[in-house]
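Work through the exercises below with the sequence and the structure open. Try each task before reading its solution.

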Amino acid sequence: MLKTDIRPVIAVDIDDVLFPFVSGMAEYHNHHKGTTLSPEDFTSYNFMDVWGGTQDETNTMIDSFMAADYLRLQPEPGAKEALAHLKNDFDVVLVTARNRLFEANTVLWLRHHLPDLFKDVIFAGNPHDGRAYQPKGIICKELGARLLIDDHPSNLVSAAECGVDGVLFGSKAWSVVDGASTSIKTCPDWPSVIEYIYDEWQ
Ligand SMILES: [Mg+2]
């Protein structure tokens, strides 16, 4: 690409794009609750729909996992190589729905597994836990990001509404966009994200 002094910003989600959240969460729930959940059981990203109980119980379970020692969990396949590739031409800013309460643990994992491969981490908050949050589209616009890579369609719709292009990452049960938007491209894995960005998107 043409080199300029101003590097374009790409926003990248963390959970289930870089960090294996659903598989880690399933393993954690199985260990603590004696269930036999697998990632394929997570057909909704509102986990109360997957394992039952109340929203408060779900929030407590997620918070407990977020505060746990998950340093051994490896990044999504190809994520590290992809971020290293993007670093040549873009500023990558991570934008997560995680609560800022878990900033220290989140940054610990990121620095361990993806050292020096991102410029900043923004904690947007999450509409499901009743705490404060800001739509990712607004955050992307404020960052000047031209593209959001995220596994959750609603975040990409939010980005599109703010004029930010989107990559729908992965082929998970919840990653389905109804009425495909021309500004949202589905990529099943990191190599296809890189191929799209360099061959089609720019
Ligand atoms: Mg995600």
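The exercises go from the whole chain to its domains, its sheet and one residue.

The model is predicted: local features need pLDDT of at least 70, side-chain atom pairs count only at pLDDT 80 or more, and totals for chains, interfaces and linings use all residues. Residues are numbered from 1 along each chain as its sequence is written.

**Exercise 1. The whole chain**

Find how many helices and strands the protein chain has, and in which order they run.

Solution. Helices (H or I, at least four residues) and strands (E, at least two) are DSSP runs, numbered from the N terminus. Counting them gives 8 helices and 6 strands. Read from the N terminus, the order is β-α-α-α-α-β-α-β-α-β-α-β-β-α. Next, take the radius of gyration over C-alpha atoms and compare it with the globule rule, 2.2 Å times the number of residues to the power 0.38. The protein chain has 16 Å, close to the 17 Å from the rule for 202 residues, so it is as compact as a globular protein of that length. Along the principal axes, the C-alpha trace spans about 55 × 40 × 30 Å.

**Exercise 2. Two domains**

State where the domains lie and what they contribute to their contact.

Solution. Domain bounds come from an automatic or database domain assignment. Here domain 1 covers 9–20 + 74–201, and domain 2 covers 22–66. Their centres, taken over C-alpha atoms, are 22 Å apart. Two residues are in contact if their C-beta atoms, placed from the backbone, lie within 7 Å. By this rule domain 1 gives 10 residues to the contact and domain 2 gives 11 residues.

**Exercise 3. The sheet**

Work out the strand order of the sheet and identify the strands at the edges.

Solution. Two strands pair if DSSP finds at least two bridges between them. The 6 strands form an open sheet with parallel pairing, in the order E3-E2-E1-E4-E5-E6. Strand E3 (120–123) and strand E6 (184–187) are at the edges with a single partner strand each, so one side of each has no neighbour in the sheet. Now follow E2 (residues 91–96), which is joined to E1 (residues 9–12) by 4 bridges. In this pair, Ala11 has Val93 as its bridge partner. E2 and E3 also pair in the parallel sense, over 4 bridges, and Leu94 stands opposite Val121 in E3.

**Exercise 4. One residue in a loop**

Decide whether Val17 is buried or exposed, and list its contacts.

Solution. Val17 is located in the loop between E1 and helix H1 (21–33). A residue is buried if 20 or more other C-beta atoms lie within 10 Å of its own, exposed if 12 or fewer, and partly exposed in between, with C-beta atoms placed from the backbone. Val17 has 23 other C-beta atoms within 10 Å, so this residue is buried. Apart from neighbours within four places in sequence, the contacts of Val17 are Val12, Glu76, Ile149, Asp150, Asp151 and Phe169. Finally, compare Val17 with Trp190: they are 173 residues apart in sequence, and their C-alpha atoms are 8.6 Å apart in space. For the protein chain, 34% of the 202 residues count as buried, and in E2 the buried residues are 5 of 6.
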